[in-house]
Amino acid sequence: MKKTFKFIPAFIFAALLIFQGCKNEYYQLSDEEQAEWMPYGKREQIVFSSTQGDVDTFKIAGLYKAYRDGYNEFLDAPITKLRDTVDGETEGGVFLYKTSSGLSVTARLPHYYTYEELTNKPLQFVTVGGLSYSDVIILTANPFYLDNNTYIDTMYYSKSFGFIKYVDINGEEWTIMN
């Protein structure tokens with residue numbers, strides 16, 4: 001009987017070590033990461049004007065925060081184009097995702113062919129509409145994927161202000177109005 005009691009504490013200790021190793025770690029977005037990469041609030045509109053005087057309006061549906069896989073936090077700002085009459089890639093957005101590997105930030109406007117990783121891209125100084133931005137990431141589409149449905153060739157994304165400009169496949173420049 002005494003020998004059985006000697007093994008019980010050792011068994012409990014081993015079981016605790018095993019269960020401790022199986023515990024998932026939660027990866028949360030910090031306030032600083034959100035402030036650095038997510039310039040949008042809830043239910044905003046982004047209005048662009050072309051060099052021809054046309055206007056394009058995009059709507060941010062809101063900010064959605066949750067955990068993917070139960071322990072990796074994400075923040076999503078979905079973007080749709082108002083009065084969109086073109087088929088194809090009609091949704092876009094800014095997506096922050098925190099995992100054990102670190103922070104991933106991707107973005108795209110509707111009618112750009114894919115979400116692009118922003119995190120490791122170089123920042124550039126750009127002037128748009130008379131305003132200067134020092135934190136701009138320029139994303140250019142793979143020409144193989146451009147057509148009448150995915151017609152945005154180049155996007156300009158400012159970390160502090162969001163999308164500030166895009167260029168379509170015809171070379172028409174669309175700059176932020178608001």
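These are my notebook entries on the nonpolar core and the aromatic rings of a predicted model.

Entry 1, core. I looked up the largest nonpolar core, which holds 37 residues. I noted the members that touch the most other members: I46, F48, V94, L96, L118 and F163. I recall that nonpolar side chains tend to be buried together in soluble globular proteins.

Entry 2, L118. I took L118 from that group and listed its contacts, leaving aside neighbours within four places in sequence. The list for L118 reads W37, V105, A107, I137, L139 and Y157.

Entry 3, aromatic pairs. I searched the whole structure and found seven aromatic pairs. I opened the pair of F58 and Y166, with 6.1 Å centre to centre and 85° between the planes, which is edge-to-face. I then checked where the two rings sit: F58 is in strand 2 (residues 55–60) and Y166 in strand 11 (residues 162–168), 108 residues apart. F58 has 0% relative accessibility, so I count F58 as buried. Y166 also comes out as buried, because its relative accessible area is 0%.

Next I looked at Y157 and F163. Their ring centres are 5.0 Å apart and their planes stand at 75°, so I logged this pair as edge-to-face too. Y157 and F163 are both buried.

Entry 4, cluster. I followed the ring pairs and found that they link F48, F58, Y166 and W174 into a cluster.

Entry 5, charges over rings. I found K159 over the face of W37, 4.4 Å from the ring centre. I also found K165 over the face of Y156, at 4.8 Å from the ring centre.

Conventions
Residues are numbered from 1 along each chain as its sequence is written. This is a predicted model: local features need pLDDT of at least 70, side-chain atom pairs count only at pLDDT 80 or more; totals for chains, interfaces and linings use all residues. Side-chain values use heavy atoms; hydrogens and water are left out. A nonpolar core is a set of buried Ala, Val, Leu, Ile, Met, Phe, Trp, Tyr and Cys residues joined through side-chain atoms within 4.5 Å. Buried means under 20% relative accessible area, exposed over 50%, partly exposed in between (1.4 Å probe, protein chains only). Contact means heavy atoms within 4.5 Å. Rings of Phe, Tyr and Trp (its six-membered ring) pair if their centres lie within 6.5 Å; planes under 30 degrees apart count as stacked, over 60 as edge-to-face and the rest as tilted. Helices (H or I, at least four residues) and strands (E, at least two) are DSSP runs, numbered from the N terminus. A charge sits over a ring if NZ of Lys or CZ of Arg is within 6 Å of the ring centre and within 35 degrees of the ring normal.
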